[in-house]
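Q: Please take a close look at one part of this structure, the central sheet and what surrounds it. I should like a connected account that a first-year student can follow.

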Amino acid sequence: MMANLQIFFEMAELPISRFNDWVKTHSPAALADHICFKCADHEEFERVRALFEHESEFIYQSIISGRPIAVIKFKASIESALGPIWYLELSDQKPDGSQKSGFDHIEIFPVDGSMESLADSLKNTGVHFEKVIRPHHTTFDTTIFDNFKVRLEPEPLIEKIKRDEML
């Protein structure tokens, strides 16, 4: 169980380290956007979100695919090989109960061009992406270790939220 933010950030070290190794191998023309932590149940979601209540710049929450998703801006970024990661995507359990607790992915977006062109350029370095079509967005995903993924998005998550949810 995650008792405090120090444990949260210690738990993030392994996926960040593996992500940095992946970046060094494949050199994507991209920037890091956010890291995602998925919760096994609503109680875990509430506990983790509560850890950030007074230790974040802001928390924005909406309902996506039938469950709460919180976007949390860290007070200090997590440094990565593709730049600072300022945001956490915190996902409550899916309605079907299929989600396991833990860090799930880091999303990146292209410096120039489209996510499709970024996926194509990374394909030339040996990365295989799966195109994942969801009701709220389409991504290109690749697993880099265990079940941890790098996910390509067309733009920063916060831009999508401002455009689609805050107008």
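**The sheet and its surroundings**

A: For a chain of 167 residues, a compact globule would have a radius of gyration near 15 Å, and the chain agrees with this because its own value is 15 Å. The model is a predicted one. Along the principal axes, the C-alpha atoms fill a box of roughly 45 × 35 × 30 Å. Of the 167 residues, 50% are buried. The chain exposes about 8700 Å², and carbon and sulfur atoms supply 51% of that area.

The chain contains 4 helices and 8 strands. Their order along the sequence is α-β-α-β-β-β-β-α-β-β-β-α. Among contacts between residues at least 6 apart in sequence, 64% join residues that are at least 24 apart.

The sheet itself may now be described. It is an open sheet of 8 strands with mixed pairing, in the order β2-β3-β4-β1-β5-β8-β7-β6. Strands β2 and β6 (130-133) stand at the edges with a single partner strand each, so one side of each has no neighbour in the sheet. On average, and with direction ignored, neighbouring strands of this sheet are turned by 30° against each other.

One end of the sheet order begins with β2, followed by β3 and β4. Strand β2 (residues 56-64) runs antiparallel to β3 and is joined to it by 8 bridges. One example is Ile 63, whose bridge partner in β3 is Pro 68. These two strands form a hairpin with 2 residues between them, and Ser 65 in the turn has a positive phi of about 55°. Strand β3 (residues 67-78) is mostly covered, since 9 of its 12 residues are buried. Strand β3 also pairs with strand β4 (residues 85-91), again in the antiparallel sense, over 6 bridges. Here Ile 78 has Ile 85 of β4 as its bridge partner. The hairpin of β3 and β4 has 6 residues between the strands, and Gly 83 in its turn has a positive phi of about 100°.

Within β4 lies Leu 90. Leu 90 has a relative accessible area of 0% and is therefore buried. Apart from its neighbours within four places in sequence, Leu 90 is in contact with nine residues that can be listed: Phe 37, Cys 39, Phe 45, Val 48, Arg 49, Pro 68, Ile 69, Ala 70 and Ile 72. Pro 68, which is in this list, is also the bridge partner of Ile 63. Leu 90 and Asp 112 are 22 residues apart in sequence, and their C-alpha atoms lie 27 Å apart in space.

Further along the order, β5 is followed by β8. Strand β5 (residues 102-110) and strand β8 (residues 148-152) run parallel and are joined by 4 bridges. One of the residues involved is His 105, whose bridge partner in β8 is Lys 149.

Strand β8 also holds Arg 151. The relative accessible area of Arg 151 is 8%, so this residue counts as buried, the cut-off being under 20%. Its side chain makes a polar contact of 2.9 Å with the side chain of Asp 141. Leaving aside neighbours within four places in sequence, Arg 151 is in contact with several residues, among them Asp 104, His 105, Ile 106, Thr 139 and Asp 141.

Two helices lie across parts of the sheet. Helix α3 (residues 115-123) lies across β1 (30-38), β5, β7 (138-145) and β8, and runs at about 30° to β7. Helix α4 (residues 157-165) lies across β1, β2, β3 and β4, at about 55° to β2.

Two loop residues complete the account. Most residues other than glycine have a negative phi. Ser 27, in the loop between α1 (5-26) and β1, has a positive phi near 45°. Its relative accessibility is 58%, so Ser 27 counts as exposed. Asp 146, in the loop between β7 and β8, is likewise not a glycine and has a positive phi of about 45°. Asp 146 counts as exposed because its relative accessibility is 67%, the cut-off for exposed being over 50%.

Technical notes
Residues are numbered from 1 along each chain as its sequence is written. This is a predicted model: local features need pLDDT of at least 70, side-chain atom pairs count only at pLDDT 80 or more; totals for chains, interfaces and linings use all residues. Side-chain values use heavy atoms; hydrogens and water are left out. Buried means under 20% relative accessible area, exposed over 50%, partly exposed in between (1.4 Å probe, protein chains only). Two strands pair if DSSP finds at least two bridges between them. Axes are lines fitted to C-alpha atoms, for helices over the stretch in contact, and angles run from 0 to 180 degrees between N-to-C directions. Contact means heavy atoms within 4.5 Å. A polar contact is a pair of N or O atoms within 3.5 Å; within protein, one must be able to donate a hydrogen and the other to accept it, and residues adjacent in sequence count only if both atoms are side-chain atoms. The radius of gyration is taken over C-alpha atoms; the globule rule is 2.2 Å times the number of residues to the power 0.38. Accessible areas come from the Shrake-Rupley method with a 1.4 Å probe; for residues, only the protein chains shown count as cover.
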